[in-house]
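I wanted to practise looking up charged pairs in a protein. These are my notebook entries.

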Amino acid sequence: MSGYIINFKWGKHMKGFNNFKLVSYIRAYDIVEMTDAQIADMIDGFMSEIHLDKVYLENHRGAVSIPVERMKAVKNIVTSRGLEVAGGITCTTLVNGIRKPSIFDTYCYTDPAHKAEQLQLVSELAEVFDEFILDDFFFTACRCEMCIAAKGKRSWKEYRLELMANFAKEAVAAAKKVNPKVKYVIKYPNWYESYQECGFNPGKQKDIFDGIYTGTETRSPYSVQHLQRYESYSIMRLMESIAPGRNGGGWVDPFDCDSNMSQIIEQVQATLFGKAREMMLWNLPIFGGLTVLPAISKALYRIDDQLSKMGNPIGVKTWEPYNGDGEDQVYNYLGMCGIAIDPSPYFDPEAQTVLFTESTAEEENSIDILEEYVRKGGNAVVTVGYFKKMYDKGIKDLTSVRLTGRHVIGSKYRIQNANSWNTVITDEGKKPVMFEILDYKTNATNSNISLVADENNFPIMTEDNYGRGRFFILNVPENFADLYKLPSEVIMSMAKHISIGQEVFLAGAPKFSLYAYDNNVYAAVSYTDSVNDLQIVVRGECKGVRNIETGMVYSEAKHLPGPSHMMDATTNIDEDPEYSFSVKLRPGQTLLFEVLK
């Protein structure tokens, strides 16, 4: 074995990264199946193609558990290569040969035998490593007889949230007993909208574990998880706001990318644009066998250079409370429509605009916070899902909009913003889109964007004045993906109002994403299928936008219509002038730019 620890040959030298560590993972399956020589050759081969800083070694997954001595031996293989090392565990199992009624065979945290096995594995990891991570199976969906009896009259959500928070304390205590200095990290998966149903409890667990990690795998939008690629960025920001400074990194895998391997790079880029401290390529044997590994390596150096120019991420404050539920992924669909989104479990009263979704209704006093925020001068955008949840809880005092229970389909649109009284009737959209029919009272509420269906029209985005603020209702389509069928004029008007307070938003065909930073640096990324014109809209006087990487300046601008009072009105709400700069972007292309003042 020593020959593989000391007398190995390095591959070609790969310099490190300045803004993140690149890490990978070796599963228990691979450790039990591979010899020391094979593990050593695998790591060396990987390092000949791409720089590597750290490896996580797993001691358990499914029916495989690795003894302590074997874990120590493999750890030596890793550290002898100058790499950092940490442990890992995947919480799937089959205890005593008895299957539990649980998806993925995750542990049953009601069953003493299951708990004892995991505590033993955790203790063994703490004996070998000063840091280890839970892969994102630290959840339960078990409905065995034990769980049913223990749950009682509570909902599964209530039972599991308490159950998993309590066991987290036991597990951390067990690890610390063996190794007081161990850093015990929990990785949260990409399916944030379902945490509460399976017992993931970041609101409490952030204070139990020593750190967190973030699953940023977005893969194919056609997967059962209906993930949008913008989530690789937004979930990094959400989890960073949950545990500031303790979000260790982002985690991607190549699954469901078979038809378009460039999606791996897209996930990596969006994760790092979210300022991940580590970039996990899961896992080393799989990534090491990909022919695109050199391309990923090349992309990482470019991204590292880009990150050196980026400040702290900013965007439209989006209130996503702990255990929020409803309108799954809706703000990530909006993030694919040119709006920089900044989600957080906490409400920010200083933000110029706050987005409320159906998930926000989890916060019991959100309607009181909303009313006070708008009355004092804030701009609130609420989705139709939130409006429904608050319908009989006071929200009707802010607007004349009412639910009808009916729906309409159409593909033509009318835009007449309350603060810019110039009417635009768009051409036909790509395909018909279905919306809920909202009723409103003329001149009590304005419909800024309407769907035109025959000789009738129906609101998509309404605006009301309330106190010193503005209150908008966004009627998202029944199928959120239908946002991508909306004409560019509709996207522009929608983004204009949702992004009040932001210096830049994008307009054009959907599937452009904007990443914004507090040092006047922005990144626009095309997720479209063909070359498209992108409109970079800048608020305030400027001389143009400059491509930071090439130095090219886009100075030819279209001055967008400013405020114009409606008919016999005498006033308008002041707005900064808006200038639109047209840029062509290829599929997958990233434009890193700054606004020239």
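The entries below deal with salt bridges and where their partners sit.

**Entry 1, ground rules.** I am working with a predicted model, where local features need pLDDT of at least 70, side-chain atom pairs count only at pLDDT 80 or more, and totals for chains, interfaces and linings use all residues. Residues are numbered from 1 along each chain as its sequence is written, and side-chain values use heavy atoms, with hydrogens and water left out.

**Entry 2, the count.** Side chains of opposite charge can pair when their charged atoms come close. I called a pair a salt bridge if a side-chain nitrogen of Lys or Arg lies within 4 Å of a carboxyl oxygen of Asp or Glu. I got 40 salt bridges by this rule.

**Entry 3, Asp 30.** I found Asp 30 in a salt bridge with Arg 27, at 3.0 Å from N to O. Both residues are buried (under 20% relative accessible area; exposed is over 50%, partly exposed in between; 1.4 Å probe, protein chains only).

**Entry 4, Asp 111.** Next I looked up Asp 111, which forms a salt bridge with Lys 100; their closest N and O atoms are 3.0 Å apart. I noted that both Asp 111 and Lys 100 are buried.

**Entry 5, Lys 187.** Which residue does Lys 187 meet in a salt bridge? I found Glu 217, at 3.2 Å from N to O. Lys 187 is buried, with a relative accessible area of 1%. Glu 217 is buried too, at 3%. Salt bridges that share partners join these two into one network with Glu 58, Arg 61, Asp 135, Asp 136, Arg 219 and Asp 253.
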